[in-house]
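Reader: Before we discuss particular positions, could you put the model in front of us?

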Amino acid sequence: MIILAIDTSCDDTSAAILEGDKILSNIVSSQTDLHKEWGGVVPDIAKRAHLERIKPVIATAIKRSRIYDLGFKNKTENKADQVERIINEGMRKIDVIAVTLGPGLAPALGVGVNYAKELALKYQKKLVAVNHIEGHLLSNLARNAAGKPEREMEFPALALTVSGGHTKIIYIKEIGVYETVGETLDDAAGEALDKAAKQLGLGYPGGPVIERIAKKGDETYMPLPRPMNAKKNLDFSFSGLKTAFYYRVKDMEKAVIDQNLENLAASYQKAVFDSLISKFGWAVEKYLPKTLLAAGGVLANDELRKRLRKLAKEKGLKIYFPAKKILNTDNAGMIGIAAYYKIMKNEFVEDIAALDRQPRLVL
Ligand code: KG4
Ligand code: ZN
């Protein structure tokens with residue numbers, strides 16, 4: 001069974017081709033360059049870029065997956081015609097279309113949802129609507145074209161998802177049965193990193209820069225609060241930390257800031273990660289899972305991975321991360337995996353024409 005999966009939930013245009021739960025191709029066209037100068041994602045710019053890129057990205061995913069023989073290259077064919085032809089021929093091999101329904105930025109989601117509907121109706125394919133967060137969770141079950149890695153996951157599992165848009169602890173009773181047991185009440189962890197980086201003039205997205213320079217910094221340089229850490233509450237809050245950091249840095253002289261960028265990044269990153277680790281640890285004690293999982297863009301961070309591995313070891317549990325870096329940040333491969341498990345349960349969209357994006361979709 002061949003699946004075409006599409007994700008346009010935020011600022012990456014992505015398409016993937018899967019054979020069952022094996023990812024054959026996973027193309028991500030990042031819009032970071034377009035949003036960088038605004039210091040964050042601008043919804044209308046994202047929408048326009050998704051509209052321009054969605055077809056070429058799908059065509060590239062089809063091409064790279066090698067699901068059909070491309071045959072002769074017609075030299076007189078222009079790029080747009082070539083894209084149309086590849087999609088047209090690819091659709092003959094594709095059985096199911098999967099698309100992110102939400103949560104995400106409404107104008108961005110709309111592009112993917114509308115095009116997925118158009119394709120499903122035109123080529124008479126079944127359509128699966130996927131929750132983006134479920135995609136992140138199940139990115140841990142993704143396999144490559146050779147079927148690797150083979151992961152036998154024991155349930156119930158507890159997952160930490162950390163990205164620019166969400167920070168959640170999710171209890172997974174079994175695939176498809178989820179309970180959010182903790183989440184951020186304000187900013188997401190990635191967003192908190194991005195905002196601090198912006199204040200320090202480090203550019204966007206901030207997470208990767210903070211990681212890089214924090215490696216050389218002293219994490220005890222600036223004492224910062226650990227919000228909501230007093231009680232064993234599983235919800236997160238990063239706005240207090242962000243504000244504390246903002247005022248502390250605002251009172252510093254420019255030259256002192258510049259001399260201490262690495263120390264500031266290290267102190268701030270530690271505060272964010274301390275909160276993630278302590279709450280995830282409490283959740284483990286409370287819910288007694290058999291397996292731990294983590295996912296989302298912030299998990300690209302090696303320090304966070306190290307601390308999560310340490311936590312898992314202390315608790316005597318196995319922890320899984322997505323097998324490839326591309327599976328951490330937004331990508332359609334993970335949407336295809338989530339779709340695969342929905343297909344196994346016959347969960348298709350019944351009325352394709354009536355399907356609408358759901359920016360606030362909950363798990
Ligand atoms: O999952 P993702 O690609 O998109 C959303 O769904 O939000 O996550 C993006 C977030 C951004 O906030 C970015 O700063 C953060 O992930 N991020 C990182 C790293 N790479 C990306 N944060 C910390 N360290 C990294 N290496
Ligand atoms: Zn995401």
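**A lysine, a serine and a helix pair**

Author: Lys-93 counts as partly exposed, because its relative accessibility is 41% (buried is under 20% relative accessible area, exposed over 50%, partly exposed in between, with a 1.4 Å probe and protein chains only). This is a predicted model, in which local features need pLDDT of at least 70, side-chain atom pairs count only at pLDDT 80 or more, and totals for chains, interfaces and linings use all residues. Residues are numbered from 1 along each chain as its sequence is written, and side-chain values use heavy atoms, with hydrogens and water left out.

Reader: How far apart in space, C-alpha to C-alpha, are Lys-93 and Ile-2?

Author: Lys-93 lies in helix H3, residues 79-93 (helices are DSSP runs of H or I with at least four residues, strands runs of E with at least two, numbered from the N terminus). Leaving aside neighbours within four places in sequence, Lys-93 is in contact (heavy atoms within 4.5 Å) with Ile-2, Ile-67 and Tyr-68. Although 91 residues separate Lys-93 and Ile-2 in sequence, their C-alpha to C-alpha distance is 6.9 Å.

Reader: Is Ser-139 buried or exposed?

Author: Ser-139 lies in the loop between helix H5 (132-138) and strand S6 (157-162). Leaving aside neighbours within four places in sequence, Ser-139 is in contact with Ala-295, Pro-322, Leu-327 and Met-334. Because its relative accessibility is 0%, Ser-139 counts as buried.

Reader: Which residues in H4 does H2 meet?

Author: The axes of H2 (residues 43-65) and H4 (residues 106-123) come within 8 Å. From H2, Pro-43, Lys-47, His-50, Leu-51, Ile-54, Lys-55 and Ile-58 take part, and they meet Pro-107, Ala-108, Val-111, Gly-112, Tyr-115 and Leu-119 in H4.

Methods. Chains are lettered from A and ligands numbered from 1 in the order in which they are written. Axes are lines fitted to C-alpha atoms, for helices over the stretch in contact, and angles run from 0 to 180 degrees between N-to-C directions.
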